[in-house]
Amino acid sequence: MDRGNSFEVIIVGCGIAGASLAYFLSRRGLTDIVILEREEQPGYHSTGRSAAVLVELDFVPSVLQLTILAASFLRNPPEGFSQSPLLEQSGIMVMFQGDDWSMIEGVAPVFRQMGVSLELLTPSQVVERFPVVSDDHFDGAVFLPEDGHIDVHELLWSYIRHARHEGVELRCGVEVHGIRVERGRCRGLMTNEGEFTGRWVVNAAGAWAGIIGQLAGATQIELTPYRRTVATFAAPDGLDVTRWPLVSNYTHKLFFKPESRGLLACPMDEDPVEPCDARPDELVIAQTIDRLETLAPCLVPKSLRQKWAGLRTFAPDQSYIIGEDPSVKGFFWLAGQGGSGIETSPAAGQVAAELLIDGRTSLIDPNLFSPARFAKD
Ligand SMILES: Cc1cc2nc3c(=O)[nH]c(=O)nc-3n(C[C@H](O)[C@H](O)[C@H](O)COP(=O)(O)OP(=O)(O)OC[C@H]3O[C@@H](n4cnc5c(N)ncnc54)[C@H](O)[C@@H]3O)c2cc1C
């Protein structure tokens, strides 16, 4: 059935945020939805450029709560949701030094109480498991045996496949350039494919969420995209890295993990940039190799296979923004997922769907994510 350009819900952006919301709304029976994506394919920006891991070690409590809620979905998705497992529990090892390590030793019991399975390891225990790591640059490590690699492609396309099966429309190559608001209520939006009308407009535009908010004249929220860079390369000859966990040095800013029978490394860079199609910076790539030389010298490659960059977009307090705007009715935020939008999507998408349909959720305290926290009196 051609519904023209009139829908109950219009979602702007088909990254993991927009796709997961469409999925959870459609499971609740709300299927009169269109997702508008400017690019020719879903997941082209941050979602397609992530490091693809579940790590239940976030230091922003609201984000940690969402991550823990989402982890059970990733480990045991609903019957028939995906065509292959979403999570490989390959483990996550995070090394810390000095004050960072003291802080971790202090908070480890809290993480455990919240349901995170973790071990604290001494440097010699770490080196025993991973002789490639030099024991000079950390005082201890956290090991998360139940976390690991997420199949992001499978997760994204499973959300989309089920939503479309229920009747949700996905239109790619459609760029939103204006939002129509009348008497404080959002009525629809303007695009290169004409006008769309809807009862709800959802802002799931990732790095562009601040701009979409401005188009609606919604609450001003300073969302900042930070560029993060990744490089991939072959593993040293004769070394089977395929079953390694992700290994990270939090204090000295580097992580590496298996990727396509080789390795992926990231210097955990956080350069603020304007929303854009992010490209890797050569200086940051050089820094990655320098840090690898210091922390795991035997892994330094002769050449790189691939390099890319993507954007991690944060609100000033680093918590997410989920909920209806306090000043523009019908304008709904699902933004600010920073560096954890993939792993939290099964929880954030569900929380967003409940708030949109019911105006409340019992999964988590919605005030932690409310856009109203940025409203000026
Ligand atoms: C290098 C890197 C590593 C990361 N590692 C992890 C990780 O291991 N685990 C994890 O959970 N997270 C990770 N993240 C974070 C994660 O990728 C993001 O939080 C998540 O992808 C954000 O999803 P999104 O849907 O909000 O944004 P996006 O995927 O960027 O989607 C937003 C979409 O909105 C569209 N859009 C914007 N403006 C318009 C418009 N005007 N009209 C129409 N469409 C529009 C864009 O084209 C885009 O497709 C990482 C990110 C990076 C960059």
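Colleague: Before we start, what counts as a polar contact here?

Modeller: A polar contact is a pair of N or O atoms within 3.5 Å, and within protein one of them must be able to donate a hydrogen and the other to accept it. The model we are looking at is a predicted one.

Colleague: Okay, so how many residue pairs are in polar contact across the interface of domain 1 and domain 2?

Modeller: The rule finds two such residue pairs there, both at pLDDT 80 or more, while it finds zero salt bridges across that interface.

Colleague: And what kinds of residues does domain 1 put on the side that touches domain 2?

Modeller: On that side of domain 1 there are four nonpolar residues, four polar ones and one charged residue.

Colleague: Which stretches make up the two domains?

Modeller: Domain 1 covers 6-48, 153-222 and 316-374, whereas domain 2 covers 92-145 and 224-312. Nine residues from domain 1 and eight residues from domain 2 take part in the contact.

Colleague: How much area is buried between them?

Modeller: About 650 Å² is buried between domain 1 and domain 2, with carbon and sulfur atoms giving 53% of that area. On the domain 1 side, Ser-46, Ala-207 and Trp-208 supply 43% of what that domain buries against domain 2, which is more than any other three residues.

Colleague: Switching topic, is Glu-8 buried, partly exposed or exposed?

Modeller: Glu-8, which sits in strand 1 (residues 6-12), counts as partly exposed because its relative accessibility is 25%, and the partly exposed class lies between under 20% for buried and over 50% for exposed.

Colleague: What does Glu-8 touch, leaving aside its neighbours within four places in sequence?

Modeller: Glu-8 is then in contact with Leu-30, Asp-32, Gly-198, Arg-199 and Trp-200.

Technical notes. Residues numbered from 1 in each chain as written. Predicted model: local features only at pLDDT ≥ 70, side-chain atom pairs only at ≥ 80, totals over all residues. Heavy atoms only, no water. Domains from an automatic or database assignment. Contact = heavy atoms within 4.5 Å. Buried area = accessible area lost by both parts, 1.4 Å probe. Salt bridge = Lys/Arg side-chain N within 4 Å of Asp/Glu carboxyl O. Polar contact = N/O pair within 3.5 Å; in protein donor to acceptor, adjacent residues only side chain to side chain. Nonpolar A, V, L, I, M, F, W, Y, C, P; charged D, E, K, R; others polar. Helix = DSSP H or I, 4+ residues; strand = E, 2+ residues; numbered from the N terminus. Buried < 20%, exposed > 50% of the residue type's maximum accessible area, 1.4 Å probe, protein only.
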